[in-house]
Amino acid sequence: MLHLKQINKIFNEGTPDEKIALDSINLSLDKGDFVTIIGSNGAGKSTVMNVISGVLTPDVGTVEIAGKQVTFLPEYKRSRMIGRVFQDPMAGTAPSMTIEENLAMAYSRNKKRGLKSGVTRKRKELFEDALKTLHLGLEKRLNAKVGLLSGGERQALSLLMATFTEPDILLLDEHTAALDPSRAELITSLTKEIVSKYGLTTMMVTHNMQQALDLGNRLIMMDKGQIILEVEEEKKKELTIEKLMKEFQRIRGEQMANDRALLNA
């Protein structure tokens, strides 16, 4: 479903601020894989997401989604294949539009141009049924402006919008990091439920090691633009945060950056 081959990306090349963001990244995801990605700040996690989504074009390498070569395909054209939820709850929705209008926009994302837009009675019923799965009562607030929702409610709506059309790839970029613990737990639970329900091929970046261990069937550790560790399903079940830290030290010969967010459990 996703194939990254020899991806390289350098920022500010040839200047004193040159930074190798991605260094020879090779990664394949089969249909239904749920991969969690961990690593300290600057490891390259979000850059990988941006290359997949088309925000960035790699300097070297190729990107394939569902068997299609998309390396130079612009972001707006890839949006039919990709659902993405960002760290900022404000990023995935249009605050001045209603819940109903936001869902209509998400619904039409992978439809052919010229298809009648707007909200029909049938679509309204579809939206209400989808919102009920969030268990937040939003199905009774279809005409409420999204800007009036809480951060957790907006992030739940963003997750629903990103998965509404069952995209080929779902990208979750630290999508619980800005929420308080109870809301983060809710969004994590909804993520698990929705990904499982639709069998979505998913990549999730997180600073929370325990979350990375609890979710998904594969785990990747990145450092300085490289994938330094890949763990498949059976071995992942046996992992602990302590074992991951020791593995990093074994590979790199030094302790992992001790930033608070990274060790958050």
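The following questions and answers examine the cores, sheets and helix packing of a predicted model.

User: On what basis are residues numbered, and what pLDDT do local features need in this predicted model?

Analyst: Residues are numbered from 1 along each chain as its sequence is written, and side-chain values use heavy atoms, with hydrogens and water left out. In this predicted model, totals for chains, interfaces and linings use all residues, side-chain atom pairs count only at pLDDT 80 or more, and local features need pLDDT of at least 70.

User: Which helix gives the most to the largest nonpolar core?

Analyst: A nonpolar core is a set of buried Ala, Val, Leu, Ile, Met, Phe, Trp, Tyr and Cys residues joined through side-chain atoms within 4.5 Å; buried means under 20% relative accessible area, exposed over 50%, and partly exposed in between (1.4 Å probe, protein chains only). The largest such core has 33 residues, and those with the most contacts inside it are Ile99, Leu103, Leu131, Leu134, Leu138 and Leu157. At least two residues each come from helix 3 (99-107), helix 4 (121-132), helix 5 (151-163), strand 7 (169-173) and helix 6 (181-198), where helices (H or I, at least four residues) and strands (E, at least two) are DSSP runs numbered from the N terminus. With six residues, the helix that gives the most to this core is helix 5.

User: How many residues does the second, separate core have?

Analyst: This core is separate from the largest one and includes Leu4, Val35, Val48 and Ile169. Its number of residues is 26.

User: Which residues does Leu103 touch, leaving aside residues up to four places away in sequence?

Analyst: Contact means heavy atoms within 4.5 Å. Leu103 is among the residues with the most contacts inside the largest core. Beyond its sequence neighbours up to four places away, Leu103 touches Phe127, Leu131, Leu157, Leu160, Met161 and Phe164.

User: Are helix 3 and helix 4 roughly parallel or roughly perpendicular?

Analyst: Axes are lines fitted to C-alpha atoms, for helices over the stretch in contact, and angles run from 0 to 180 degrees between N-to-C directions. The two axes come within 11 Å and cross at roughly 100°. Angles under 35 degrees count as roughly parallel, over 145 as roughly antiparallel, 65 to 115 as roughly perpendicular and the rest as oblique. Helix 3 is therefore, relative to helix 4, roughly perpendicular.

User: Which residues of helix 6 meet helix 5?

Analyst: Helix 5 and helix 6 pack at an angle of about 15° with their axes 10 Å apart, and are therefore roughly parallel to each other. From helix 5, the contact involves Gly152, Gln155, Ala156, Leu159 and Thr163. Their counterparts in helix 6 are Arg183, Ile187, Leu190, Thr191 and Ile194.

User: Which strands are the edge strands of the four-strand sheet?

Analyst: Two strands pair if DSSP finds at least two bridges between them. This open sheet has the order 2-1-4-5 with antiparallel pairing; five bridges join strand 1 (residues 2-11) to strand 4 (residues 60-65), and two join strand 4 to strand 5 (residues 68-69). Each edge strand pairs on one side only, and these are strand 2 (19-29) and strand 5.

User: In strand 5, what is the bridge partner of Ile65?

Analyst: Ile65 is itself the partner in strand 4 of Leu2. Strand 4 and strand 5 form a hairpin with two residues between them, and Ala66 in the turn has a positive phi of about 50°. In strand 5, Ile65 is partnered by Lys68.

User: How many of the nine residues of helix 1 are buried?

Analyst: Helix 1 (residues 45-53) lies across strand 1, strand 2 and strand 4, at about 115° to strand 1. Its buried residues include Val48, Met49, Val51 and Ile52. Helix 1 is mostly covered, and the number of its nine residues that are buried is eight.

User: Which strands stand at the edges of the six-strand sheet?

Analyst: This open sheet has the order 6-7-8-3-9-10 with mixed pairing. Within it, four bridges join strand 3 (residues 34-38) to strand 9 (residues 218-223), which run parallel. Each edge strand has a single partner strand, so one side of each is left without a neighbour in the sheet; these are strand 6 (82-85) and strand 10 (226-231).
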